[in-house]
Amino acid sequence: ARVPKSVGSVSLNSNNSFDAPKIDPKFLSDNIDVETCVASLKKIAEICTSETMGKYEIKPQVPAGCPHKFGTDEFFEWITLHRGRSPYHPVGTTKMEMILKVL
């Protein structure tokens, strides 16, 4: 989803400032995001299997372990939840500076 509704969290693992934070992006935790991905995948499949794209011989593939038939909502939901990846790397920045007092 381009503008996801799912909201993650960042929290401390301990009071030690050298410990890495606990980052939970909670991808696809809001069902609207899953529905958006399913609709997008259905549209992509429709385009790729259209007569116009036929000359490119694009063949639908069902990944190993997927219990659903290609083209069904259940198939695209399974793909979203089991094969979906995020292009984003959870990072952040903070301003760090040294304050010097001039006497």
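The exercises below walk through a predicted model, each with a worked solution.

Residues are numbered from 1 along each chain as its sequence is written. In this predicted model, local features need pLDDT of at least 70 and side-chain atom pairs count only at pLDDT 80 or more, while totals for chains, interfaces and linings use all residues; side-chain values use heavy atoms, with hydrogens and water left out.

**Exercise 1. The outline**

Task: Find how many helices and strands the protein has, and in what order they run.

Solution:
- Step 1. Count the elements: there are 2 helices and 2 strands. Helices (H or I, at least four residues) and strands (E, at least two) are DSSP runs, numbered from the N terminus.
- Step 2. Read them from the N terminus: the order is β-β-α-α.
- Step 3. Check burial: of the 103 residues in the protein, 12% are buried. Buried means under 20% relative accessible area, exposed over 50%, partly exposed in between (1.4 Å probe, protein chains only).

**Exercise 2. The helix pair**

Task: Describe how α1 and α2 cross, and name the residues that make the contact.

Solution:
- Step 1. Recall the approach: two packed helices are described by the angle between their axes and the distance between the axes.
- Step 2. Apply it: the axes of α1 (residues 31-48) and α2 (residues 73-83) come within 9 Å and cross at roughly 115°. Axes are lines fitted to C-alpha atoms, for helices over the stretch in contact, and angles run from 0 to 180 degrees between N-to-C directions.
- Step 3. List the contact (heavy atoms within 4.5 Å). From α1 come Val34, Cys37, Val38, Leu41, Lys42 and Ala45. From α2 come Asp73, Phe76, Glu77, Ile79, Thr80 and Leu81.

**Exercise 3. The core**

Task: Find which residues form the largest nonpolar core, and which element gives the most to it.

Solution:
- Step 1. Fix the term: a nonpolar core is a set of buried Ala, Val, Leu, Ile, Met, Phe, Trp, Tyr and Cys residues joined through side-chain atoms within 4.5 Å.
- Step 2. Name the members: the largest core has 8 residues, namely Val34, Val38, Ala45, Cys66, Phe75, Phe76, Trp78 and Ile79.
- Step 3. Assign them: α1 and α2 are the elements that give two or more residues. Helix α2 gives the most, with 4 residues.
- Step 4. Look at Phe76. Leaving aside neighbours within four places in sequence, Phe76 is in contact with Val38, Leu41, Lys42, Ala45, Phe70 and Gly71.

**Exercise 4. Threonine 80**

Task: Is threonine 80 buried or exposed, and what does its side chain reach?

Solution:
- Step 1. Locate threonine 80: it is in helix α2.
- Step 2. Threonine 80 counts as buried because its relative accessibility is 5%.
- Step 3. Follow the side chain: it reaches the backbone oxygen of phenylalanine 76 at 2.9 Å.
- Step 4. Leave aside neighbours within four places in sequence: threonine 80 is in contact with Leu28, Cys37, Val38 and Leu41.

**Exercise 5. Positive phi**

Task: State the phi values of lysine 26 and leucine 28, and where these residues lie.

Solution:
- Step 1. Start from the background: most residues other than glycine have a negative phi.
- Step 2. Lysine 26 has a positive phi, near 50°. Leucine 28 has a positive phi of about 60°.
- Step 3. Lysine 26 is found in the loop between β2 (22-24) and α1. Leucine 28 is in the loop between β2 and α1.
- Step 4. Lysine 26 is partly exposed, with a relative accessible area of 36%. Leucine 28 counts as partly exposed at 27% relative accessibility.

Key:
Polar contact = N/O pair within 3.5 Å; in protein donor to acceptor, adjacent residues only side chain to side chain.
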